[in-house]
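Biologist: I would like a close look at one part of this model, with the cut-offs spelled out as we go.

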Amino acid sequence: MNVNPLSLFTALGHALTSRLERLGLAARFALSVLRVLGVVFLRFGLIIRELYFSGVRSLSIVIVSGLFVGMVLAVQGYEVLQRYGSTEALGVIVALSLVRELGPVVTALLFAGRASSAVTAEIGLMRATDQLAAMDMMAVDPLARVIAPRFMAAVFSVPLLAALFSAAGVGGAWIIGVKLIGIDDGAFWSQMQASVDVRIDIVNGILKSVVFGIAVGLISVFEGYFAAPTAEGVSTATTRTVVTSSLTVLLLDLVLTVMMFRGLN
Amino acid sequence: MNRSQFDLAVGAFVALGILALLFLAMKVGNLTGFDTGTAYVIEARFDNIGGMKVRAPVKSAGVVVGRVESISLDGETYEAVARLRISSAFRFSKDTIATILTSGLLGEQYIGLEPGGVSEYLVQGDRVMKTQSAMVLEKLISQFLFNKAAETPGQTK
């Protein structure tokens, strides 16, 4: 088969420009969502409903995952720490890794899979069945009525869920470390409190999860809003939400971690 | 589900989330520290601060009374200048001795304050006059070896 060498560059160029175009579309979409954000607070009931479907329904998966992650961290951490005879530091290791990294990141990933995918599918189907167009006809702004509440629900839910994840993880580590292995209860907590700084560790962790909430929420409504109005389009959009959200969260995490923790010592 | 049931579920969710935040702040992070309270800054100069870091604890009689706010080098005297942020709840006399200590053999370094007997107290911007530098293990070992060699000159061949 004779391939025109120029077509290679054409494909490369097309791949780049189409992605840039989509990025620009997303940026303009984000701006227009921001513009109607204020209106949403006048009808807070809309957010309540979305908070229920995105936040409350994600509670079980987040808390159970947090518990298990904390337990695994405790088992693995103990295994390494006992070689150096400093098993009391288990609380520090578990709390720092949960509050700084695992809490915000894993919660955002779980949220992308559990809630964002559903939001994308819902909005995509609204698009496919012309419900969004119908709203426009009735002079109801779909951005304010459909998109903004779902976006805000993600922004509110993710930090709260991340805090719950971290708390459940510390609880799980306590069950394994103190109750089952038998580390001293006082040392577990006091070493943790001595090393975890509220501003540097906890506030930064919460800030991270707020940023992740904004990213995941925006991606889910964007993919849904611009989904191709077919059954296949909705399924593609749902997949893209999960993939893009996960990659974005991990990339943002790297950037934020470098910004927040590089200057320390 | 009607509106009030949504409200109830979401209210419980938000309350649970805030409880988790409080748990993290109080039980995991110990918010009750005095970082938020008033404090004064004093200065201590050391010949060598070893591996001490910013935010290392300042202790007196083993109790944390403040933190190291910054560490810099005086370009003229080549002394390390550590600025210590001490909680206003504690007062130290003018002849307090600041020593760099290590918790355990491999633990973190901290500054120990030993209060003297003068009735005047250190205030904001004062300098601790008596300091004792960090023990550098390599120096200690070489000192020990030199002393050993000096003690028994006849036995070595």
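How many aromatic pairs does a search of the whole structure find over all chains? After that, please take me through strand β6 of chain B and tell me which strands pair with β6(B).

Modeller: This is a predicted model, in which local features need pLDDT of at least 70 and side-chain atom pairs pLDDT 80 or more, while totals for chains, interfaces and linings use all residues. Residues are numbered from 1 along each chain as written, chains are lettered from A and ligands numbered from 1 in the order written, and side-chain values use heavy atoms, without hydrogens or water.

The search of the whole structure, over all chains, gives 11 aromatic pairs (Phe, Tyr or six-membered Trp rings with centres within 6.5 Å; stacked under 30 degrees, edge-to-face over 60, otherwise tilted). One of them is made by Y52(A) and F6(B), whose rings are edge-to-face with centres 5.0 Å apart and planes at 70°. Because Y52(A) belongs to helix α2 (residues 44-54) of chain A and F6(B) to helix α1 (residues 3-28) of chain B, this pair joins two chains (helices are DSSP runs of H or I of at least four residues, strands E runs of at least two, numbered from the N terminus). Y52(A) and F6(B) are both buried (under 20% relative accessible area with a 1.4 Å probe on protein chains only; exposed is over 50%, partly exposed in between). Within chain A, ring pairs also connect F29(A), F222(A), Y225(A) and F226(A) as a cluster, and the charged end of R127(A) is placed over the ring of Y225(A), at 4.8 Å from its centre (NZ of Lys or CZ of Arg within 6 Å of the ring centre and 35 degrees of the normal).

Now to strand β6(B), residues 109-114, which is largely enclosed by the rest of the structure, because five of its six residues are buried. The strand belongs to an open sheet of eight strands of chain B, ordered β7-β1-β4-β3-β2-β6-β5-β8 and of mixed pairing. At its edges lie β7 (127-128) and β8 (130-132) of chain B, each of which pairs on one side only.

In that order β6(B) stands between β2 and β5, so to speak of its partners we need the rule for pairing, at least two DSSP bridges between two strands. Towards β5(B), residues 97-102, there are six bridges and the strands run antiparallel; here I100(B) has I111(B) as its bridge partner, and A98(B) has L113(B). Towards β2(B), residues 57-60, the pairing is parallel and rests on two bridges; V58(B) is set opposite I111(B), while K59(B) is partnered by G112(B). I111(B) therefore faces V58(B) in strand pairing and I100(B) as well.

The neighbour β2(B) deserves a closer look in its own right. From this strand P57(B) and K59(B) point one way, V58(B) and S60(B) point the other way, and all are buried. In a regular strand, side chains alternate between the two faces of the sheet. K59(B) also lies over the face of Y110(B), 4.5 Å from the ring centre.

Beyond β2(B) comes β3(B), residues 63-73, and these two strands pair in the antiparallel sense through four bridges, with K59(B) opposite V64(B). Two residues separate β2(B) and β3(B) in their hairpin, where A61(B) adopts a positive phi near 55°.
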